Every structure is written in structure tokens, then in C-alpha cells.
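Hi,

Here is the model I said I'd pass on, with my notes underneath. Have a look at it first, then read on.

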Amino acid sequence: MYFPDEISWVKGFNDRWIVREALRKHAAEYLEHLAQTDPKRLQQSCRRVKLLTDRFGHNEDPKPWFYAALFSLATVAEAKRYLAEHDFTLAAIPRLTEAAPDLLSAGRVALSTSEKIHRIRKALEGLDLEEAGP
């Protein structure tokens with residue numbers, strides 16, 4: 001499948017992947033929200049999706065990487081609106097810890113889930129550093 005740019009690529013994969021219907025819907029709404037309010041952040045978010053899925057999504061399910069990267073630049077208000085039903089994605093985004101501070105508390109998630117969340121968080125923190133530059 002050919003997509004002319006990263007935004008089209010993200011929209012195309014969101015539309016065709018088998019995920020919870022609410023996640024697909026909320027991601028599409030978030031993409032539309034960014035298109036209307038902050039096209040620059042839309043482009044940056046879609047670039048992050050492509051980078052993380054290219055780097056980490058080949059040997060495992062790419063969807064957790066995809067959605068965490070997509071929402072990685074969301075504000076707390078946006079997270080409360082679009083990620084209220086998506087604990088895993090919310091927990092995987094370091095800057096959104098205050099939106100749901102107890103998501104990673106001991107015993108709340110399985111060890112394998114916790115490890116995946118921490119790997120995604122580390123990768124997103126790495127992107128933050130890369131984008132900040134020297």
C-alpha cells in the first residue's frame with residue numbers, strides 16, 4: 001500500500017488495523033483535532049509514529065508503539081479527552097503521567113505489560129532528546 005506522506009500513512013494504518021473500535025475512533029478524532037488546531041504537531045506526531053514503528057515494530061506487534069507515538073505530544077487535556085478509555089497507551093507516554101498517575105502502580109499490570117510500557121516510555125524519552133537537539 002502506498003501513502004504519499006506520513007500523515008496519510010498514519011491515517012491509513014489506523015483505519016485498517018484490527019484494534020479496539022474505540023481506539024481507532026479516538027485516534028481518528030485526535031488526528032482531525034490536530035489537523036484543525038495544530039498542523040505542525042500533527043506532522044511531528046506522525047513522524048514519531050513512523051520512526052517508532054520502523055525502529056521497534058518489526059519484531060513484535062507494532063500497534064502499541066504506533067498509538068503511543070501518535071499521542072506522545074498530546075496535552076493532558078487532550079489525553080483526558082482521547083485516551084480516557086486507553087490505559088495502556090496513556091501509561092506508555094511519559095509526559096502524561098499526571099493525567100493518570102496510578103496506572104503503573106505495583107500489581108496493576110502484568111510484568112510483561114509493565115516491561116513493554118517501560119520500553120515504549122524509554123523510546124519516547126529518546127525521541128524527546130533527539131528532537132531537543134544539543
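Before the loop I want to show you, one definition: helices here are DSSP runs of H or I at least four residues long, and they are numbered from the N terminus. With that in hand, Glu-98 sits in the loop between helix H6 (87–91) and H7. Anything over 50% relative accessible area counts as exposed, so Glu-98, at 62% relative accessibility, is exposed. Its C-alpha atom is 7.5 Å from that of Val-76, and the two residues are 22 apart along the chain.

Now the overall picture. Keep in mind that this is a predicted model. The mean pLDDT of the protein chain is 88, with 90% of its residues at 70 or more. Among the elements, helix H4 (residues 63–70) has the highest mean pLDDT, at 96, while helix H7 (residues 111–132) has the lowest, at 89. The usual caution goes with that: where pLDDT is low, the predicted coordinates should not be read in detail.

As for the fold, the chain has seven helices and zero strands, so from the N terminus on the elements read α-α-α-α-α-α-α. Of the 134 residues in the protein chain, 45% are buried. If you take the contacts with a separation of 6 or more, 61% of them join residues 24 or more positions apart.

Next, a helix pair. How do H1 and H3 cross? The axes of helix H1 (residues 6–16) and helix H3 (residues 39–56) come within 8 Å, with a crossing angle of roughly 65 degrees. That is why H1 counts as roughly perpendicular to H3. The crossing of H1 past H3 is left-handed. By class, the residues in this contact are six nonpolar, two polar and three charged. On the H1 side they are Glu-6, Ile-7, Trp-9 and Val-10, and they meet Leu-42, Gln-43, Cys-46, Arg-47, Val-49, Lys-50 and Thr-53 in H3.

One more residue to click on: Arg-48, which is also in helix H3. Is Arg-48 buried or exposed? The cut-off for buried is under 20%, and Arg-48 has 1% relative accessibility, so this arginine is buried. Leaving out residues up to four places away in sequence, Arg-48 touches Ala-69, Ser-72, Leu-73, Leu-124, Leu-127, Asp-128 and Glu-131.

That's it from me. Shout if anything is unclear.

Cheers

Notes:
Residues are numbered from 1 along each chain as its sequence is written. This is a predicted model: local features need pLDDT of at least 70, side-chain atom pairs count only at pLDDT 80 or more; totals for chains, interfaces and linings use all residues. Side-chain values use heavy atoms; hydrogens and water are left out. pLDDT is the predictor's confidence in each residue, from 0 to 100. Helices (H or I, at least four residues) and strands (E, at least two) are DSSP runs, numbered from the N terminus. Axes are lines fitted to C-alpha atoms, for helices over the stretch in contact, and angles run from 0 to 180 degrees between N-to-C directions. Angles under 35 degrees count as roughly parallel, over 145 as roughly antiparallel, 65 to 115 as roughly perpendicular and the rest as oblique. A crossing is left-handed if the near helix is turned anticlockwise from the far one by less than a right angle, and right-handed if clockwise. Contact means heavy atoms within 4.5 Å. Ala, Val, Leu, Ile, Met, Phe, Trp, Tyr, Cys and Pro count as nonpolar, Asp, Glu, Lys and Arg as charged, and the others, Gly among them, as polar. Buried means under 20% relative accessible area, exposed over 50%, partly exposed in between (1.4 Å probe, protein chains only).
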